[in-house]
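Here is my note on the structure you asked about. Have a look at it first, then read the points in order.

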Amino acid sequence: MDERDQVTWVVLELSHHGERAAEEGILEDILRDHADLDHDHPIFIPYLTYTYREKKTLLSVMEGYAFVASGFDNASRSHFLRSPYIKKILTRGSNLYAPCETVSQASVDSLQSRLRELVAVEIQEGMGVRIVDGPLSGIKGNVVGVSGTNATLLVEMRSIRAIQYLPCFLLRPLSDEDE
């Protein structure tokens, strides 16, 4: 694929309210509603928060920013600019209609990879987790062992109990509320 065909990402600088919403894990839904974006329009919030055994953990690879795939219309741009969650959209100039500053898919992939690495370190035996990527995405299980960068996961469904051996970066801790 030609690099020019890849998605580029618009950089949003978050306000204080935006940072709080990112830390609470609700910013993506707020942005989607505010800008009237489709449910499948890519948004990346470089934060992850979970509560495990009553201890709240916040992981972030870039505080104060969020990324929205380019390709949204001017009405959405105006909604972002009027949102109490967004301080500004990074642009190439100070004009209100200046072109948006964008970053490459590779840059966002790198941030996502760093966030997965931070999460992988948090995975521990006895933890409830959700698989977030691959063919088992969405399935919950319990970690029965961790060896290096991989976890052994007990997955129990209505008619099956199975052990899965997966890289830790595919897992997200379940918050106490999710279990």
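The points below go from the overall picture to a few individual residues.

1. Start with how far to trust it. This is a predicted model, with a mean pLDDT of 90 for the protein. As many as 95% of its residues reach 70 or more. Confidence is highest in strand β5 (residues 65–69), at a mean of 97, and lowest in strand β3 (residues 47–52), at 84. Bear in mind that where pLDDT is low, the predicted coordinates should not be read in detail.

2. Next, the overall build. The protein has 12 strands and 4 helices. Its C-alpha trace spans about 55 × 40 × 30 Å along the principal axes. If you take the contacts between residues at least 6 apart in sequence, 57% of them join residues at least 24 apart.

3. Now the surface and the interior. The protein is made of 179 residues, and 39% of them count as buried. About 10,500 Å² is exposed, with carbon and sulfur atoms supplying 47% of that area.

4. On to charge. The protein carries 18 positive and 27 negative charges. How far apart are the mean positions of the positive and negative charges? They are 2 Å apart. As a reminder, side chains of opposite charge can pair when their charged atoms come close. A search of the whole structure turns up 6 salt bridges, and the next points go through some of them.

5. Take Glu 13 and Lys 87. Their side chains meet in a salt bridge, at 3.6 Å from N to O. This pair links distant parts of the chain, 74 residues apart: Glu 13 sits in strand β1 (residues 8–14) and Lys 87 in strand β6 (residues 86–89). Are the two partners buried or exposed? Glu 13 counts as buried because its relative accessibility is 16%, under the 20% cut-off. Lys 87, on the other hand, has a relative accessible area of 55%, so it counts as exposed, the cut-off being 50%.

6. Glu 13 has another partner. Its side chain also meets that of Lys 88 in a salt bridge, with 3.8 Å between N and O. Lys 88 lies in strand β6 and Glu 13 in strand β1, so this pair ties together parts of the chain that are 75 residues apart in sequence. Lys 88 itself is partly exposed, at 40% relative accessibility.

7. Then there is Arg 161 with Glu 156. The side chains of these two meet in a salt bridge as well, at 3.7 Å from N to O. Arg 161 is exposed, with a relative accessible area of 60%, while Glu 156 is partly exposed at 45%. Going back to the earlier pairs, salt bridges that share partners join Glu 13, Lys 87 and Lys 88 into one network.

8. One last residue to look up is Ser 76. You will find Ser 76 in helix α3 (residues 74–82). Why does Ser 76 count as buried? Its relative accessibility is 5%, and the cut-off is 20%, so Ser 76 falls on the buried side. Leaving out residues up to four places away in sequence, Ser 76 touches Ala 35 and Leu 37.

Technical notes: Residues numbered from 1 in each chain as written. Predicted model: local features only at pLDDT ≥ 70, side-chain atom pairs only at ≥ 80, totals over all residues. Heavy atoms only, no water. Helix = DSSP H or I, 4+ residues; strand = E, 2+ residues; numbered from the N terminus. Buried < 20%, exposed > 50% of the residue type's maximum accessible area, 1.4 Å probe, protein only. Contact = heavy atoms within 4.5 Å. Areas by Shrake-Rupley, 256 points an atom, 1.4 Å probe, with all protein chains shown as cover. Lys, Arg positive; Asp, Glu negative; His and termini not counted. Charge placed at Lys NZ, Arg CZ, Asp CG, Glu CD. Salt bridge = Lys/Arg side-chain N within 4 Å of Asp/Glu carboxyl O. pLDDT = per-residue confidence, 0-100.
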